[in-house]
Amino acid sequence: SATEKGGYRHFMLKEIHEQPRALAETWQGRVTARDILASSIGPTAEEIFGRVEAIHIVACGTSHHAGLVARYWIEAMSRIPCNVELASEYRYRDPVVPKNCLFVTLSQSGETADTLAALRYAKSREDGYLATLAICNKPETSLTRESDLVMMTRAGPEIGVASTKAFTTQLLCLLLLTGMLDRRPDERAALAANIRGVDTALAAVLELDEAIRKLAEEFVDKQHALFLGRGPMYPIAMEGALKLKEISYLHAEAYAAGELKHGPLALVDENMPVIAIAPNNEWLEKVKSNLQEVRARGGKLYVFADAESGLNTGPGITVLDMPHVDDILAPIAYTVPLQLLAYHVAVAKGTDVDQPRNLAKSVTVE
Ligand code: G6P
C-alpha cells in the first residue's frame with residue numbers, strides 16, 4: 001500500500017531515499033570522532049583483526065560487487081592481500097587458503113544458498129581459516145548463526161528485489177572493516193571523519209533525482225547500454241549495469257574503461273549509450289581519455305562527474321554534476337545516480353520495478 005511505501009510510488013524509490021538515514025545507522029556506535037572501533041562488532045574482533053594476514057570475500061549478485069570495491073580499499077589501506085569471488089564458483093573449487101586468512105561473506109538476506117554453502121565449505125577446509133565474518137542485513141539468519149563474527153549492515157527491511165540500501169550499507173561496513181584492519185592511527189582518524197560525513201554527502205546526491213528522471217527518457221527506446229569506470233568505480237559500473245538489467249530489462253554491460261579498446265569500442269555508435277562515472281580522483285585523466293575514444297566514434301556519452309572534473313556538456317556528451325565527495329566515499333556516492341537512472345528508466349518503460357520478472361529477492365535454492 002501507499003503507506004507502506006512512505007508516500008513513494010515504489011519500495012525501490014523509498015529505499016533509495018532512505019540511504020542517508022540507513023548509512024548513519026550503520027556507522028553509529030562504531031565510529032568515534034577519531035577512530036573506528038573493532039570492539040563494536042564483538043569482544044574477540046580486535047584480537048582476530050590484529051592477526052589477519054589475508055582476506056577472502058565471497059558473495060553473490062549485488063553483494064559480490066560490494067566485495068569487489070572492498071578489495072581496492074583493503075589492499076590500498078591495510079596492505080592485506082584480498083581476494084573476492086562469487087560464491088557459486090568458490091564452493092566448487094579447491095582454493096589455496098593462506099595463513100591467518102579471514103573469510104568474509106556478504107549477504108543482504110543471510111540465506112543465499114550458494115553463499116551459505118561457501119561458508120560451510122570454508123569452515124570444513126583442513127587448511128583452516130583464521131575466522132569467519134558475516135556482513136549481513138537480516139538478523140538471525142543461517143549466515144549470521146554460523147559465522148564467528150557478525151557485522152550487521154542495519155539498512156532495515158529491503159523489499160524491492162533490486163538491492164539498493166543494502167548495497168550502500170554493505171559498502172560502508174566494508175569501509176569500517178578496512179579501518180579496523182588499518183594499523184595506522186592517523187589514517188583511521190581521517191577515515192572516521194570521512195565516514196561521519198557520509199549521510200550528508202548522500203543527501204546532496206539525492207537532489208539529482210529529478211535531473212536523472214529527465215535523463216532517463218533518453219534510454220527508454222534503447223536496447224543496450226555500456227557502463228564505464230576505473231579503479232573502485234569499475235565495480236560500481238558493474239552494479240549500475242546490473243540495476244538496469246534487473247528492472248528495466250535493457251542489456252547493459254560494464255567495462256573497466258581501460259579495456260574499451262580491447263573489444264567494446266566495436267559496439268559504439270549512436271544507438272549505444274555509454275554511461276561513465278568520473279569522480280575527481282587519481283583515475284580522472286585516464287577516464288577522460290577513454291571518453292574521447294567513445295566520442296571520436298560517434299558514441300553518446302552520459303557522464304556522472306565531479307563538479308570540478310572539468311567535463312562539460314557538449315555535442316555527444318551530457319554531463320551530470322555530482323556534489324564533491326572525498327575519494328574514499330565516491331563508490332558509495334556514485335552508486336546513487338545509477339540506482340536512480342535504472343529506476344526512472346524502468347518506470348518510463350512500465351516494468352514491474354519492485355518485482356522484476358524471473359528474479360527473486362532471496363535465492364535459497366541452488
Ligand atoms: C538475488 C537478489 C539480488 C542479490 C543476490 C544476493 O539475486 O535479487 O539483489 O544481490 O540475490 O543476495 P544476498 O541476500 O546474498 O545479498
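Q: Is N100 buried, exposed or partly exposed, and how many C-beta neighbours does N100 have inside 10 Å?

A: The model is a predicted one, and the burial of a residue is read from the number of other C-beta atoms around its own, with 20 or more for buried and 12 or fewer for exposed. N100 has 17 C-beta neighbours inside 10 Å and therefore counts as partly exposed. This residue sits in the loop between α5 (87-90) and β3 (101-107), and N100 has a positive phi of about 50° although it is not a glycine.

Q: Which residue other than glycine has a positive phi near 60°, and where is its place?

A: That residue is R154, whose phi is near 60°, and its place is in the loop between β5 (149-152) and α8 (165-181). R154 has 20 C-beta neighbours inside 10 Å and so counts as buried, whereas N100, with 17, counts as partly exposed.

Q: How many C-beta neighbours does K99 have within 10 Å, and where is the place of K99?

A: K99 is placed in the loop between α5 and β3, and it is exposed because 10 other C-beta atoms lie within 10 Å. Separation along the chain and separation in space can be read side by side here, since K99 and D127 are 28 residues apart in sequence and 8.5 Å apart in space, C-alpha to C-alpha.

Q: What separates P43 from R9, along the chain and in space?

A: P43 and R9 are 34 residues apart along the chain, and their C-alpha atoms are separated by 43 Å. P43 belongs to the loop between α2 and α3 (45-51), and with 8 C-beta neighbours inside 10 Å it counts as exposed.

Q: Where is H10 found, and which residues does H10 touch, not counting residues up to four places away in sequence?

A: H10 is found in the segment before α1 (11-17), and, with residues up to four places away in sequence left out, H10 touches K5, G160, V353 and D354. The C-alpha atoms of H10 and Y343 are separated by 9.5 Å, although these two residues are 333 residues apart along the chain. With 19 C-beta neighbours inside 10 Å, H10 counts as partly exposed.

Q: At what angle do helix α2 and helix α10 pack, and how far apart are their axes?

A: A pair of helices is read from the angle between their directions, and an angle over 145 degrees counts as roughly antiparallel. Helix α2 (residues 19-27) and helix α10 (residues 198-206) pack at an angle of about 170°, with their axes 8 Å apart, and the two are therefore roughly antiparallel to each other. On the α2 side the contact is made by Q19, P20, R21, L23, A24 and W27, and on the α10 side by V198, D199, L202 and A203. Sorted by class, this contact has 7 nonpolar, 1 polar and 2 charged residues.

Q: At roughly what angle do the axes of α8 and α14 cross?

A: The axes of α8 and α14 cross at roughly 175° and come within 10 Å, which means that α8 is roughly antiparallel to α14. F167, T168, L171 and L172 of α8 make the contact with P331, I332 and T335 of α14, and the residues of this contact divide into 5 nonpolar, 2 polar and no charged.

Q: How many residues has the largest nonpolar core, and which of them have the most contacts inside it?

A: The largest nonpolar core has 123 residues, and those with the most contacts inside it are A237, A276, V303 and A333. Helix α14 (residues 330-349) gives the most to this core, with 12 residues. Leaving aside neighbours within four places in sequence, V303 is in contact with A276, A278, L291, L311, I317 and V319.

Q: Where is the place of L301, and with which residues is L301 in contact, leaving aside its neighbours within four places in sequence?

A: L301 has its place in strand β9 (residues 300-306) and is buried, with 22 other C-beta atoms within 10 Å. Its contacts, neighbours within four places in sequence left aside, are V274, A276, L291, V294, R295, G316, I317 and T318. L301 and L359, in turn, are 58 residues apart in sequence and 30 Å apart in space, C-alpha to C-alpha.

Q: How many residues surround the ligand, and which are the closest?

A: The ligand is surrounded by 15 residues, of which the closest are G61, T62, S107, S109 and T112. Helix α4 (residues 61-78) gives the most to this shell, with 3 residues, and the shell divides into 4 nonpolar, 10 polar and 1 charged.

Technical notes
Residues are numbered from 1 along each chain as its sequence is written. This is a predicted model: local features need pLDDT of at least 70, side-chain atom pairs count only at pLDDT 80 or more; totals for chains, interfaces and linings use all residues. Axes are lines fitted to C-alpha atoms, for helices over the stretch in contact, and angles run from 0 to 180 degrees between N-to-C directions. Angles under 35 degrees count as roughly parallel, over 145 as roughly antiparallel, 65 to 115 as roughly perpendicular and the rest as oblique. Two residues are in contact if their C-beta atoms, placed from the backbone, lie within 7 Å. Ala, Val, Leu, Ile, Met, Phe, Trp, Tyr, Cys and Pro count as nonpolar, Asp, Glu, Lys and Arg as charged, and the others, Gly among them, as polar. A residue is near a molecule or strand if its C-beta atom, placed from the backbone, lies within 6 Å of it. A nonpolar core is a set of buried Ala, Val, Leu, Ile, Met, Phe, Trp, Tyr and Cys residues joined through C-beta atoms within 7 Å.
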